[in-house]
Amino acid sequence: MRRAFCVLAAVMNQQSYKVGNTMKTIKDLKEWKFKSSPSYAELPIDENPEYNVPMAVKNAVFSKVPTEPLVGTLHLVCASEDALRDLLDLDPVVADTEEFVNFVAGKYHPEGSLTVSHRYGGYQFGFWSDQLGDGRAHILGEYVNSKGEIWQPQLKGSGETPYSRFSDGRAVLRSSIREMVASEACHHLGIPTTRAAALVVSDDHKVWRDKMYTGAARQERAAIVMRLAPAWYRLGSIEILDKRKEPNTMKTLVDFIIKHHFPEIETSGEDKYVKWYTEIAHRNLNMVATWQGFGFTHGVLNTDNVSVLGLTIDYGPYGFIDYYNKHFVPNTSDDMGRYAFNKQPEIILWNLGKFAEALQPILNEDQKQKIKDVRSTLEDYVNKRVLSTYLRKLGLEEMLDGDQNLVDDVLQLMEQTMADFTGTFRQLAEVDNKDLLDKSVLESQWSLNKIREASRWEEWVKRYRQRLEKENVSEDVRRNRMLKVNPVYVPRNWILQEAIADAEKNNFEKVRFLLKVLRTPYDVDEEAEKRGYSSQPPSWSYGLKLSCSS
Ligand code: AMP
Ligand code: MG
């Protein structure tokens with residue numbers, strides 16, 4: 001059967017890899033194999049025969065679980081041509097084959113596959129939830145690419161596991177599109193993230209969902225996203241082993257993660273755990289600082305949704321801020337605003353505190369003290385990272401006295417005038433500094449045209465100009481720097497919503513176009529401009545709400 005195919009201009013634009021002296025990408029999926037024994041096979045795996053019965057798993061890091069393939073007529077919604085090519089050495093034309101669709105649908109298992117679901121716990125909205133785990137995800141195997149990088153393809157929405165609790169092991173199309181697009185978009189924006197290779201939907205495989213938790217459940221089509229990461233460990237992977245009093249398994253897992261995923265600290269002897277903790281803390285704090293710079297709000301920052309590798313993981317009811325509001329909460333289920341945009345650094349710090357508590361059983365007294373000392377530096381660390389992110393957005397590289405106020409003030413002016421976050425920074429990069437107080441110039445820039453209405457705009461612009469002079473930043477340099485860090489396009493909710501509405505009718509053009517445009521989010525694209533992707537969001541999109549239903 002011929003499948004829909006979304007890898008645009010793939011053949012024209014192939015990158016290849018070197019094998020000996022020949023350049024090659026794999027065109028036939030049958031030739032593509034996992035590593036014969038994945039590294040995670042060394043870890044304790046529960047060989048539970050009743051794989052789809054919810055249970056409390058003990059003394060294991062994974063459960064061996066077969067996928068439950070999607071049934072019915074399948075469509076490839078889209079594939080990420082660069083993830084396929086650059087991470088999996090696959091020629092993007094592979095996505096046009098039935099085998100590939102079956103691979104993503106959980107039906108075709110390349111040689112070397114060992115399908116497992118991961119056991120983890122987590123603090124959800126501040127409270128310990130005990131065992132969570134991969135309730136609808138399967139790691140398929142481990143692939144070592146031509147650059148020597150390890151990638152673990154994982155299916156999300158691929159059926160029940162011992163961790164499914166009361167749910168069906170499936171994912172629906174709308175949330176799968178959101179995860180697929182955001183994973184790839186964040187990567188190209190420069191946010192550390194898990195990736196997404198492809199997305200498949202079934203016409204016939206239906207599941208019940210109550211989209212806004214209003215009691216109005218309806219049937220939706222099931223979909224599967226193939227995600228990619230070097231590994232899928234979360235803070236909750238360690239926490240569960242503390243709460244369930246399994247220190248030996250914890251030590252095995254931590255030593256394993258360090259050996260395979262943090263080789264640079266493997267040889268640091270006594271201080272290995274301290275260095276590891278510090279590295280995880282810094283990576284996650286660097287990640288959250290990049291989020292702040294793009295107005296990205298994750299939405300559900302429970303400890304099970306925070307990666308040990310410092311990658312953005314588990315895209316659910318996330319949102320990129322349109323008009324600036326520091327209290328922005330994309331998830332309707334988060335009534336208390338625990339995971340509001342401006343609280344994200346603080347929440348990652350809180351999560352890292354819980355993570356430090358979880359590690360205690362494998363630490364000696366000296367290590368405990370050292371980790372405590374590291375923790376006392378983290379707040380300052382993240383505050384500086386966030387500040388330097390914003391300074392870079394303003395074309396500045398140094399950090400001087402008064403800079404925090406300069407940044408806070410421009411954000412406050414944006415908030416007062418409901419100016420757009422992405423639009424304002426981008427337009428600040430596009431408009432010449434000397435014109436920043438020129439009404440006739442600003443009127444043609446929809447977002448600057450809002451912020452200029454603030455009574456303190458003129459004062460701010462004057463301070464900004466003085467600050468640029470202090471660092472001796474020429475106008476050319478300022479704008480060039482800013483154009484590289486202030487994107488034209490981000491996956492705004494309204495754009496996703498339109499793409500999802502069409503995809504529900506099996507028209508995948510918008511999803512594919514969005515993936516293509518977001519591959520170069522700093523470059524103006526003529527067609528994206530026509531579609532209004534960098535224009536003021538339409539008024540209907542202002543009240544858009546998202547829930548955890550997925
Ligand atoms: P999330 O909010 O997506 O991070 O998921 C929290 C927990 O619920 C994780 O353990 C998920 O695996 C599980 N979960 C979410 N949706 C489903 C589903 N449809 N079926 C089974 N488990 C699920
Ligand atoms: Mg999750």
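This passage describes the overall fold, the nonpolar cores, two enclosed helices, the magnesium site and selected residues of a predicted model.

The chain comprises 550 residues, and its radius of gyration of 24 Å agrees with the value near 24 Å that a compact globule of this length would have. Along the principal axes, the C-alpha trace extends over about 70 × 60 × 60 Å. The secondary structure consists of 17 helices and 16 strands. Of the 550 residues, 58% are buried. Among contacts with a separation of 6 or more, 73% join residues 24 or more positions apart. The exposed area of the chain amounts to about 21,600 Å², of which carbon and sulfur atoms supply 49%.

In soluble globular proteins, nonpolar side chains tend to be buried together. In the present model, the largest nonpolar core contains 131 residues. Within this core, the residues with the most contacts are Tyr233, Trp276, Tyr277, Leu359, Trp457 and Trp460. The greatest contribution comes from helix 6, which gives 12 residues to the core. A second core, separate from the largest, has 33 residues and includes Phe34, Ala79, Phe100 and Leu155. When neighbours within four places in sequence are left aside, the contacts of tryptophan 460 are with Leu394, Leu406, Asp409, Val410, Leu413 and Leu428.

Two helices are largely enclosed by the rest of the structure. Helix 4, formed by residues 235-243, is one of them, because 8 of its 9 residues are buried. The buried positions are Leu235, Gly236, Ser237, Ile238, Glu239, Ile240, Leu241 and Asp242. These residues pack against three strands and three helices, namely strand 6 (116-118), strand 7 (121-124), strand 8 (127-131), helix 5 (247-261), helix 6 (272-294) and helix 7 (344-359). Following helix 4 is lysine 245, which has a positive phi near 55 degrees.

Helix 10, spanning residues 421-430, has 9 of its 10 residues buried and is therefore also largely enclosed by the rest of the structure. Its buried residues are Phe421, Thr422, Gly423, Thr424, Phe425, Arg426, Gln427, Leu428 and Ala429. The packing partners of these residues are helices: helix 6, helix 8 (365-393), helix 9 (403-417), helix 12 (448-451), helix 13 (457-470) and helix 14 (475-485). Leu428 of helix 10 is also among the residues in contact with tryptophan 460. The C-alpha atom of leucine 428 is separated by 46 Å from that of aspartate 271, with the two positions 157 residues apart along the chain. Aspartate 271 is located in the loop between helix 5 and helix 6, and its relative accessibility of 27% places it in the partly exposed class.

The magnesium ion (ligand 2) is coordinated by Asn305 through OD1 and by Asp314 through OD, at 2.0 to 2.2 Å. Both asparagine 305 and aspartate 314 are buried. For aspartate 314, the assignment follows from a relative accessibility of 12%, the cut-off for buried residues being under 20%. Aspartate 314 lies in the loop between strand 15 (296-297) and strand 16 (319-320). Although aspartate 314 is not a glycine, its phi is positive, at about 60 degrees. A positive phi, of about 50 degrees, is also found at asparagine 59, again a residue other than glycine. Asparagine 59 belongs to the loop between strand 3 (45-46) and strand 4 (62-64).

Alanine 356 is part of helix 7 and, at 3% relative accessibility, counts as buried. Apart from residues up to four places away in sequence, alanine 356 touches Tyr277, Ile371 and Arg375. Of these contacts, Tyr277 is one of the residues with the most contacts inside the largest nonpolar core. Between the C-alpha atoms of alanine 356 and valine 517, which are 161 residues apart along the chain, the separation is 40 Å.

The count of disulfides is 0. Cysteine 78 has 0% relative accessibility and therefore counts as buried. Cysteine 186 takes part in no disulfide, and the nearest cysteine sulfur, belonging to cysteine 78, is 15 Å away. Cysteine 186 likewise counts as buried, at 0% relative accessibility.

How values were computed:
Residues are numbered from 1 along each chain as its sequence is written. Chains are lettered from A and ligands numbered from 1 in the order in which they are written. This is a predicted model: local features need pLDDT of at least 70, side-chain atom pairs count only at pLDDT 80 or more; totals for chains, interfaces and linings use all residues. Side-chain values use heavy atoms; hydrogens and water are left out. Donors are N, O and S atoms within 2.8 Å of the metal (3.2 Å for Na, K and Ca); water is not among the atoms, so sites may look incomplete. Buried means under 20% relative accessible area, exposed over 50%, partly exposed in between (1.4 Å probe, protein chains only). Helices (H or I, at least four residues) and strands (E, at least two) are DSSP runs, numbered from the N terminus. Contact means heavy atoms within 4.5 Å. A nonpolar core is a set of buried Ala, Val, Leu, Ile, Met, Phe, Trp, Tyr and Cys residues joined through side-chain atoms within 4.5 Å. A disulfide is a pair of cysteine sulfur atoms within 2.5 Å. The radius of gyration is taken over C-alpha atoms; the globule rule is 2.2 Å times the number of residues to the power 0.38. Accessible areas come from the Shrake-Rupley method with a 1.4 Å probe; for residues, only the protein chains shown count as cover.
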